[in-house]
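Work through the exercises below with the structure in view. Each has a task and a stepwise solution.

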Amino acid sequence: MWPIPGRSVFFEITYALMNTNIKQKIIQSLKDQKEIFGDDLFEENLLKRKTTIVKEPKADYREEAPESFFDENWKSAKTLDELESMINTCTKCPLHQNRNKFVFGKGNPNADIMVVGEGPGAEEDKQGEPFVGRAGKLLTDILKAINFTREEVYIANVVKSRPPGNRTPNADEMDACLPYLKKQIALIKPKLILCLGLTAAQGVLKKRDSLTKMRGQIFEFEGAKVMVTYHPAALLRNPNWKRPAWEDVKKFRQLYDEMK
Ligand code: URA
């Protein structure tokens with residue numbers, strides 16, 4: 001930026017920094033908008049959606065990769081440990097290139113509840129466990145608020161390797177990893193799955209709907225009922241979403257209690 005005559009260098013620097021700050025805020029705010037509304041425009045009354053039941057959909061925006069692509073030994077794994085040892089060196093997508101640790105998932109192998117996030121962040125990549133960073137701490141608190149412990153649920157992600165710079169995993173990466181999540185679900189047999197955030201919800205349900213549209217609905221996936229709420233990292237950025245998230249997880253708990 002060229003200095004404007006009559007303004008001090010101090011002013012110019014402050015102005016430029018302020019501009020950067022504002023730009024970052026605008027970018028973050030747009031990202032947040034996308035997180036909940038996807039490609040839909042904001043509409044106030046979408047936030048007050050009632051619970052409806054939707055049958056498991058067919059893929060509506062991507063073709064599944066050919067079955068032969070996934071036809072490998074790990075499909076015969078009988079336990080989660082066996083499965084993990086068979087897939088933790090996976091190179092099916094480029095995410096393996098920057099991976100420190102494969103983040104398979106953690107929790108009760110017989111859990112009724114599965115929680116599914118997007119993909120490992122820096123801390124998860126370092127430790128090899130899902131949701132161990134700041135967002136993970138909030139997830140623990142959210143679970144506690146609805147009387148679940150981390151130990152009694154199973155926590156996993158759509159992609160098992162960290163996307164560089166914590167970017168959103170792309171559709172090919174999610175498609176490459178989704179069969180592993182399906183196998184985990186087949187072994188654990190949860191009654192209920194909670195998807196955290198738009199990416200996890202779209203990746204699991206193969207839908208392009210916005211988070212706002214999917215929240216409050218009950219979907220079906222691999223024999224389990226699925227509900228969708230905000231990603232804890234989004235809640236950290238935007239505490240205003242904590243209240244609707246609380247409504248979501250209360251419904252989730254209620255559904256679980258009704259199913260027992
Ligand atoms: N965010 C996710 O989606 N998954 C993790 O494991 C950590 C942060």
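**Exercise 1. Give the volume of the largest cavity and describe its lining.**

Solution. The largest cavity has a volume of about 100 Å³. A cavity is a set of points, on a 1 Å grid over the protein atoms alone, where a 1.4 Å probe fits but cannot get out. Volume is the space filled by probe spheres set on the points, which are joined across faces, edges and corners. Next, the lining: 15 residues, with Cys90, Cys93, Arg99, Ser161 and Cys177 nearest the centre of the largest cavity. Lining residues have an atom within 4 Å of a point. By class, eight are nonpolar, three polar and four charged. Here Ala, Val, Leu, Ile, Met, Phe, Trp, Tyr, Cys and Pro count as nonpolar, Asp, Glu, Lys and Arg as charged, and the others, Gly among them, as polar.

The model is predicted: local features need pLDDT of at least 70, side-chain atom pairs 80 or more, while totals for chains, interfaces and linings use all residues. Residues are numbered from 1 along each chain as its sequence is written, and side-chain values use heavy atoms, without hydrogens and water.

**Exercise 2. Do the same for the largest pocket.**

Solution. A pocket is an open set of points with protein on both sides within 12 Å along at least five of seven lines. The largest pocket has a volume of about 1,200 Å³. Its lining holds 39 residues; Glu35, Glu118, Asn166, Thr168 and Thr199 lie nearest the centre. By class, the lining of the largest pocket has 14 nonpolar, 14 polar and 11 charged residues.
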